[in-house]
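Visitor: I'm new to reading protein models. Could you walk me through one, a feature at a time?

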Amino acid sequence: MFCRKYWFRNLVCALLVGLPTNAFGDDRPNILVIVADDLGYADLGFQGCKDIPTPHLDGLAKSGVRCTNGYVTHPFCSPTRAALLTGRYQQRFGHENNPAWLPEDRVAGLPHSETPLPSVLRTKGYATGCVGKWHLGAHPSFHPNRRGFEHYYGALGGGHVYQDGLKGSNEYTIPMDRNGVGEPLEGYITTVFGHEASEYIKRSQPKPWLLYLAFNAPHTPLQSTPELQQRVSHIENKERRDLAAMIVGMDDAVGEVLSTLDSTGQRDNTLVFFFSDNGGPISVTKANNSPLRNGKGSVYEGGIRVPFVVSWPRKLPKGTTFDKPVVSLDVFATSVALAGAANQPTEKIEGVNLIPYLSGQTNESPHETLFWRTGGGATSAVRQGNWKLIGKRGEAAELYELGKDINEQNNLANSDRDKVKQLEKAYEEWNTKNVAPLFESPKQPRKKK
Ligand code: CA
C-alpha cells in the first residue's frame, strides 16, 4: 500500500526499477543458467507432459524461445557440465567421463588447462555465483571458488540426498559446501537451492551477474516430501509419482527464482537458459523422453536432446519455437559476446552466440554439424542437417533422417552409403582434434534386484 511517509523513497525505487542500466552504466544482461539433472524430454508441461504440473517452467518457456532441437554435448552428467563451462567439446581436453569422488585425486576434474566461463566474465565486471551440484572434481583445486565462481553453495559431488539424514553413498551424504566451508543441509535440497539462488540474485544487483543454478533434481535417489507427493497424488504409478514430485519441487524453486527476478526489476534484462544435462534415465526411473529413442547414456536422441529454453524478454521474442539445432556449448559463446568478452579466452570456442539466430536477425542455422563421443569412441554420433549417423565400436553404422524419423527407427545406412561416408568423414575430422579420456568413470555398484 502507498504510504505518504515513504513517498520519496518509493518514487526513487520505482525509478530505479525502471532504469535500463546497472551500476556500471551499461545494459549488459544478467545471465542465469539453470540446469536440471536427468530430466526427461517430455516431462515438462511445455514439452507436452500431461501428468506433471510445471507452471513456472511453462511460464519461462512462454517468456522466451523453446528450442525443439536443443542438445547437450554428452548423454551423462559431468562431461556435459565441462563443455557448458568451457564452451568447448569436452573431448578436446579429456573430460569424457564422470570423476569419482576422490578428494585426493588431482586429475579427475575439469582440467586446469581450461578457462571456465565465470573466470572470463569476472574480467568484465560480472559477479559470478554457482548454486547446486558441481560434479567437476573433488580435489580442492577443482572447487568452484577456484574455477571462477566468487560465490558457491551446493553439493560438490555427482548428486546428494535430498534431506539430511536420508540414506545415500559417501558422495551423496557429504556436507553442503558454502565457499569451502561445510554445513548441514537445512531443508529439502531443491527448495534450498531455490532460496540460495534468489538470495544471490537479490544481493548481486546492480552489478551484472552470472548465476549457474544446477539442480540435482530429478536425479536419483527419488526423494521428495509429503507435500510434493500430495500434489501429484493423481499419478498411480509410484515410481512415476516419486519422479513427478521431485520435478514439481524443482518447478517451485524455479518459480521462486523467476519471482525474485520480477520483484527486483531484473527479469526484463536477464538472459535465462534452461535445459537438462542429459536425457531421462528410462532404465532407472519412469522418466519420459517421448518421442525420442532411448535415454541417459545413449547417443540416440533420448540421451542428448533435452528440454531447452532461452528467455531474454528485452531482446528475444516470446512464446516462440526455434527448430534448428542448438547446443549447450552455445551458452558460453553467447555469454561472452554479451559481456563484451568475445575475444576471451584465446582457446577455440566451439559454440556460437545464439542471439542473432533466436531473435530472427538471421535465418541461417547456428550449426552445420554437431558431434558426440562417449567412452573414447565406444559410441559416437554426428548430426548434419536432418541426418544423423550413429557409431558403435565393432558394429555397422546406423543412419537416420531425423526430419522424418525422430524416433530413429528406420536405419537408412544400407540405402544411402554416400551419406554414411560423408558423415563418417566429418566425424573423423572432428575426432582428430580430440584426446583420450584423462580419467575413467567410477564403477557403479550392481543394483540389488
Ligand atoms: Ca545427469
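Visitor: Let's start with one residue: is Cys77 buried or exposed?

Guide: Keep in mind that this is a predicted model. To judge a residue, look at its relative accessible area; buried means under 20%. Cys77 has a value of 2%, so Cys77 is buried.

Visitor: And what is the relative accessible area of Asp277?

Guide: That one comes out at 0%, so Asp277 is buried as well.

Visitor: I see a calcium ion in there. Which protein atoms are its donors?

Guide: Go around the ion and list the atoms that reach it. Here you find OD atoms of Asp37 and Asp38, SG of Cys77, two OD entries for Asp277, and OD1 of Asn278. They lie 2.3 to 2.7 Å from the calcium ion.

Visitor: How are those donors spaced along the chain?

Guide: The pattern reads D-D-x38-C-x199-D-N. The pair of Cys77 and Asp277 links distant parts of the chain, 200 residues apart. Cys77 belongs to helix H3 (residues 77-86), while Asp277 sits in the loop between strand S9 (270-276) and helix H8 (301-304).

Visitor: Why is the arrangement around the calcium ion irregular?

Guide: Check the angles. Six donors count as octahedral if opposite donors are over 155 degrees apart and all others between 65 and 115. Around this calcium ion the six donor atoms subtend angles of 52 to 154°, so the arrangement is irregular.

Visitor: Now the strands. Which strands pair with S14?

Guide: For a strand, look for its partners and their direction. S14 (residues 379-384) runs antiparallel to S13 (residues 369-374), joined by six bridges. S14 also pairs with S15 (residues 387-392) in the antiparallel sense, again over six bridges. To line them up, use facing residues: Thr374 stands opposite Thr379, and Ser380 stands opposite Gly391.

Visitor: How many residues lie between the strands in each hairpin?

Guide: The hairpin of S13 and S14 has four, and Gly375 there takes a positive phi near 55°. The hairpin of S14 and S15 has two, with Gly385 in the turn at a positive phi of about 60°. As for cover, five of the six residues of S14 are buried.

Visitor: Last one: which domains does the chain have?

Guide: The domain assignment gives domain 1 (29-367) and domain 2 (371-431). Their C-alpha centres lie 27 Å apart. The contact takes 19 residues from domain 1 and 22 residues from domain 2. About 1,800 Å² is buried between the two, and carbon and sulfur atoms give 50% of that area.

Key:
Residues numbered from 1 in each chain as written. Predicted model: local features only at pLDDT ≥ 70, side-chain atom pairs only at ≥ 80, totals over all residues. Heavy atoms only, no water. Buried < 20%, exposed > 50% of the residue type's maximum accessible area, 1.4 Å probe, protein only. Pairing = 2+ DSSP bridges. Donors = N, O, S within 2.8 Å, 3.2 Å for Na, K, Ca; no water. Tetrahedral: all angles 85-135°; square planar, octahedral: opposite > 155°, others 65-115°. Domains from an automatic or database assignment. Contact = heavy atoms within 4.5 Å. Buried area = accessible area lost by both parts, 1.4 Å probe.
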